[in-house]
Amino acid sequence: MSAPEYAIGVDIGGTKIAFALVDRGGRALDTHQLATNAANGPDAVIEAAAEGVRLLAGRALGTVAGVGVGVPGFVDFERGIVRNAVNLGWVEIPLGARLAAAAGLPTRVQNDVNALLDGELRFGAARGCQAVALAAIGTGVGGAFAFEGKVVSGAVGSAGEIGHTPIMPSRRLCRCGLRGCVEAYLSGVGLVSGVAEHRAEYPNSLLAQGEPAAREIVAAADAGDDLALAVMADALEAWQTVVAVYAMLLNPEQIVISGGLGRALAPRLLEAGRQALEERALPFARGLTFALAEVQSPAVGAAAAAFA
Ligand SMILES: [Zn+2]
């Protein structure tokens, strides 16, 4: 009998690096976490990542096929080079080759949102799908899509970047410097900006004072607060445009909703998404379904590439 085969997924975020030892079914059998300390530079971060990989590989009760890494930035997937990761301050870092050398395992690197979709295709909601779009809705918004069951990178690794697609006529300034981006409305940052922009119109709102966080804005909308509902209406308007664009441009069979805020808003996103298909897409594109992400963490999603 051959030993069980595992992969190690690594999710490098701005503040922490998360590790998961994953089996072929996408179950995390062991996990680990370290501070990123990006200010110490890429060499220190890569050494920390290698240390975490060696730790989990050493504890694994079987062979490890390789390492899959998710990074928040533009990545050349074929060469394993991080072209640009603003949160980490990285430009042109050959992460794949360096981590492979330091950890002694074959290593694949991809954009973190692409890794989420890769995980859903291999382990989660999109198993068996060919054409899939994913929206990762959290503090910001990321997107990815797959054709023929494979995640598409694009010319510089930014394919599917729906968050910074300018779509809204009122053109709120986005933190990326463009105006009217999806993320400026449909994200934690977007909800907070919306409250700041509209609170003078709703002096009796629960959110009229202070600096409410996104989860408080969602709770206020649940409680029927007028300001929160107005901000939510803008967010859902942005979502309906995203759904129509995905449906008409990409013709996916499924849209996967991922991210903490995506989960919190799921009932609203599902209802508004179905309405968008009815009202903003042509009949041929309406057959797509919505699904919630099933993969338990970004590190597990990142591991998928190591099994490919
Ligand atoms: Zn933007």
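**Exercise 1. Determine how strand 12 and strand 13 are joined, and place both strands in their sheet.**

Solution. In this predicted model, strand 12 (residues 254-258) and strand 13 run parallel and are joined by four bridges. One point of register is given by Val-256, which stands opposite Ala-291 in strand 13. The next step is to widen the view to the whole sheet. The sheet is open, has five strands in the order 11-10-9-12-13, and shows mixed pairing. Strand 11 (150-151) and strand 13 (289-292) lie at the edges with a single partner strand each, so one side of each has no neighbour in the sheet.

**Exercise 2. Identify the strands that pair with strand 1, and state the direction of each pairing.**

Solution. Begin with strand 4 (residues 63-71): strand 1 runs parallel to strand 4, and seven bridges join the two. Within this pairing, Glu-5 stands opposite Thr-63 in strand 4. Turn next to strand 2 (residues 16-23), which pairs with strand 1 in the antiparallel sense, over seven bridges. Here Ala-7 stands opposite Val-22 in strand 2. The connection between strand 1 and strand 2 is a hairpin of three residues. Finally, consider the surroundings of strand 1 (residues 5-12): seven of its eight residues are buried, and the strand is mostly covered.

**Exercise 3. Classify the mutual orientation of helix 5 and helix 6, and describe their contact by residue and by class.**

Solution. The axes of helix 5 and helix 6 come within 8 Å and cross at roughly 110°. Angles of 65 to 115 degrees count as roughly perpendicular. Helix 5 and helix 6 are therefore roughly perpendicular to each other. The next step is to list the residues that meet. Helix 5 contributes Ile-217, Ala-220 and Ala-221, which meet Ala-228, Leu-229, Val-231 and Met-232 in helix 6. Sorted by class, this contact of helix 5 with helix 6 comprises seven nonpolar residues, no polar residues and no charged residues.

**Exercise 4. List the buried residues of helix 4, and name helices that cover them.**

Solution. Apply the burial criterion first: a residue counts as buried if 20 or more other C-beta atoms lie within 10 Å of its own. In helix 4 (residues 188-198), the buried residues are Gly-188, Val-189, Gly-190, Leu-191, Ser-193, Gly-194 and Val-195. Then examine what lies over these positions. The cover of the buried residues of helix 4 includes helix 5 (214-222), helix 6 (226-250) and helix 7 (260-264). Helix 5 and helix 6, the pair treated in Exercise 3, are thus among the elements that cover helix 4.

Conventions. Residues are numbered from 1 along each chain as its sequence is written. This is a predicted model: local features need pLDDT of at least 70, side-chain atom pairs count only at pLDDT 80 or more; totals for chains, interfaces and linings use all residues. A residue is buried if 20 or more other C-beta atoms lie within 10 Å of its own, exposed if 12 or fewer, and partly exposed in between; C-beta atoms are placed from the backbone. Two residues are in contact if their C-beta atoms, placed from the backbone, lie within 7 Å. Two strands pair if DSSP finds at least two bridges between them. Axes are lines fitted to C-alpha atoms, for helices over the stretch in contact, and angles run from 0 to 180 degrees between N-to-C directions. Angles under 35 degrees count as roughly parallel, over 145 as roughly antiparallel, 65 to 115 as roughly perpendicular and the rest as oblique. Ala, Val, Leu, Ile, Met, Phe, Trp, Tyr, Cys and Pro count as nonpolar, Asp, Glu, Lys and Arg as charged, and the others, Gly among them, as polar.
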